[in-house]
Amino acid sequence: MSVAPSAVELIEQQDYNKALKLCNTKIHKGINANYFKTLKGYCLMKLKKPNEGLDIAVEIKVTKPTNPELCKYLAMIYMEGGQYSEATNILEDTYTMNPEDEDIGQDLFFAYVRENKLLKQQNHALLLYKNFEKEIYALWAVETMYLIKLSIKNFETKILDIAYLLLLKVMKHPDFDMDKKFVMLYLKVLKKQGNYNEALEFIESK
């Protein structure tokens with residue numbers, strides 16, 4: 001016997017009308033009302049009813065929710081409505097309360113990217129690297145440091161030294177696998193440092 005899809009599964013399938021109907025049923029029965037109200041709000045945004053969706057977001061936000069999945073969809077409502085700062089604030093609060101939630105941590109990083117908050121983007125990538133020890137987060141940090149150096153005139157040169165040392169640390173990971181993206185990033189940092197000899201040696205060694 002097949003199991004009926006959950007509201008989240010219906011949303012992931014982009015069947016927003018069915019998801020909305022299921023949310024209304026759950027809300028009417030008093031089952032986890034704020035959670036399903038939030039999902040309902042997201043569905044309404046996707047069904048081109050932004051005023052209704054954002055009204056729900058405001059109602060839920062004042063309750064100061066802590067459930068990571070609820071907060072993720074709450075932030076997504078604000079993103080759909082173009083209110084990126086509100087979404088970022090929600091994700092910041094949520095990750096502070098749930099630092100073990102890697103998905104929320106990733107969402108917050110991309111929220112900073114969306115708002116072009118480079119310094120916060122860099123610091124958060126370093127925090128993700130510290131918390132989860134995955135090389136991808138170190139590379140996000142290095143890429144951000146490189147962008148900071150390009151974007152902010154007279155920014156301290158030391159940031160590239162940190163980026164370089166971080167890349168060296170990544171290369172020492174037991175499961176490190178050097179791909180084209182890493183090579184390009186490594187060479188970009190060396191070039192920006194003016195470290196042409198090492199860049200040439202690196203190219204010749206490959």
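This is a short tour of helix α9 and the helices around it, in a predicted model.

**Stop 1: helix α9**

Select residues 135-151. This is helix α9, with 17 residues. At 1.5 Å a residue it should span 24 Å. Pick the C-alpha atoms at its two ends: they are 24 Å apart, so the expected and modelled spans agree.

Now show the side chains. Which residues of α9 are buried? In the first part of the list come Tyr137, Ala138, Leu139, Trp140, Ala141 and Val142. Thr144, Met145, Tyr146, Ile148 and Lys149 are buried too.

Next, bring up what covers them. The cover includes α7 (102-114), α8, α10 and α11 (180-193).

**Stop 2: Tyr137**

Zoom to Tyr137 in helix α9. Is Tyr137 buried or exposed? Its relative accessible area is 1%, and the cut-off for buried is under 20%, so Tyr137 is buried.

Select its contacts, leaving aside neighbours within four places in sequence. They are Glu102, Gln106, Ala125, Leu128, Tyr129 and Phe132. Then add Gln122, which lies 15 residues from Tyr137 along the chain. The C-alpha atoms of this pair are separated by 9.7 Å.

**Stop 3: α7 against α9**

Keep α9 and add α7. Their axes come within 13 Å and cross at roughly 10°. Angles under 35 degrees count as roughly parallel, so α7 is roughly parallel to α9. The crossing is left-handed.

Which residues make the contact? From α7, select Glu102, Gln106, Phe109 and Phe110. From α9, select Tyr137, Trp140 and Thr144. Colour them by class: the contact has four nonpolar, two polar and one charged residues.

Glu102 and Gln106 may look familiar. Both were on the contact list of Tyr137.

**Stop 4: α8 against α10**

Move to two other helices that help cover α9. Select α8 (residues 118-132) and α10 (residues 158-171). The two axes come within 14 Å, and they cross at roughly 25°. That angle makes α8 roughly parallel to α10. Here the crossing is left-handed.

Show the side chains where they meet. α8 brings Gln122, Leu126 and Tyr129. α10 brings Ile159, Leu166, Lys169 and Val170. By class, this contact divides into five nonpolar, one polar and one charged.

End on Tyr129. This α8 residue takes part in the meeting with α10, and it is also in contact with Tyr137.

How values were computed:
Residues numbered from 1 in each chain as written. Predicted model: local features only at pLDDT ≥ 70, side-chain atom pairs only at ≥ 80, totals over all residues. Heavy atoms only, no water. Axes fitted to C-alpha atoms, helices over the stretch in contact; angles between N-to-C directions. Helix = DSSP H or I, 4+ residues; strand = E, 2+ residues; numbered from the N terminus. Parallel < 35°, antiparallel > 145°, perpendicular 65-115°, else oblique. Left-handed = near helix turned anticlockwise from the far one by under 90°. Contact = heavy atoms within 4.5 Å. Nonpolar A, V, L, I, M, F, W, Y, C, P; charged D, E, K, R; others polar. Expected span 1.5 Å × (residues − 1). Buried < 20%, exposed > 50% of the residue type's maximum accessible area, 1.4 Å probe, protein only.
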